[in-house]
Each structure stands twice: as structure tokens, then as C-alpha cells.
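Here are some notes to read with the structure open beside you. Please take the points in order, and find each residue on the model as it comes up.

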Amino acid sequence: MSEVNLHINGTDYEIACEPGQEDRLLELAGRIDIKVSEITATSGQVGQSRLVLMAALMLIDEIEEARGPLQAENSVEQAQEYVTSVFEQMTDRINRITDSL
């Protein structure tokens, strides 16, 4: 297990991670720190826990917005696959009925 020191809003956090994941955690912490800086620029210092929570909520919201079109596209593909499967089953059933006549 590795450890990495993350710096967010002037506070250091030592976090354990899998070996090789250190750079990724530093990158993610940097993004959180940017969001916290944006919040403090508009709201001021409202407490470290609240700032980090607000930053996390903003980042999750951005992720969900970006994911929306992908989920819709995926849902269409799944629906098409389901409809295709149903038609194939119906075709097989019709063929069996036709063969029995």
C-alpha cells in the first residue's frame, strides 16, 4: 500500500492507495482544490468540510451531466437489442408453427 499527500485548500491529507495510483490521486485532488477555490471565491471560507462537500457535489453533478447523453445512447442500444431479440423469438415461433402445419 502506498501513501500520497494531498493538498486541498491549504490542508494536507495523507491518503493510502494502491501502488501506481499516486499520480491519479494527486490529479483528482487538484481538481477538487480548483473547485474549492471557485467556491471560496464566491462564498468565502465556510469551513473545510463544507467546502470539500460542496466541491464533491459540484464535480458529481458535472459527471452526471456529461454522462446523460451516454446513458441515453446506451439505453437506445439496449432497447434495440431487446426488440431484435423479441423479433427473433417470434420469427422462430412462427417458423415452428408453419412447419407443424
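1. Please keep in mind throughout that this is a predicted model. With that said, a good place to begin is the largest pocket, to whose lining helix H1 (22-43) and helix H2 (48-100) each supply at least two residues.

2. The space in this largest pocket comes to about 190 Å³, and the residues that line it are Leu 28, Arg 31, Ile 32, Lys 35, Ala 56, Leu 59, Glu 62 and Ile 63. Sorted by character, the lining of the largest pocket holds 5 nonpolar and 3 charged residues, with no polar ones.

3. Turning to the strands, S1 (residues 2-8) runs antiparallel to S2 (residues 11-17), and the pairing extends over 7 bridges. As one example of a partner in S2, Glu 3 is bridged to Ala 16. The hairpin that S1 and S2 form has 2 residues between the strands, and in this hairpin Asn 9 adopts a positive phi near 55°.

4. Is Ser 2, a residue of strand S1, buried or exposed? Its relative accessibility is 16%, and because buried means under 20%, Ser 2 counts as buried.

5. The surroundings of Ser 2 can be listed as well: leaving aside residues up to four places away in sequence, Ser 2 touches Ile 15, Ala 16, Cys 17, Glu 18, Pro 19 and Glu 22. With Glu 22, one of these residues, Ser 2 also shares a polar contact of 2.8 Å between the two side chains.

Technical notes:
Residues numbered from 1 in each chain as written. Predicted model: local features only at pLDDT ≥ 70, side-chain atom pairs only at ≥ 80, totals over all residues. Heavy atoms only, no water. Pairing = 2+ DSSP bridges. Helix = DSSP H or I, 4+ residues; strand = E, 2+ residues; numbered from the N terminus. 1 Å grid on protein atoms, 1.4 Å probe; cavity = no way out; pocket = protein on both sides within 12 Å on 5 of 7 lines; lining within 4 Å. Points joined across faces, edges and corners; volume = space filled by probe spheres on them. Nonpolar A, V, L, I, M, F, W, Y, C, P; charged D, E, K, R; others polar. Buried < 20%, exposed > 50% of the residue type's maximum accessible area, 1.4 Å probe, protein only. Polar contact = N/O pair within 3.5 Å; in protein donor to acceptor, adjacent residues only side chain to side chain. Contact = heavy atoms within 4.5 Å.
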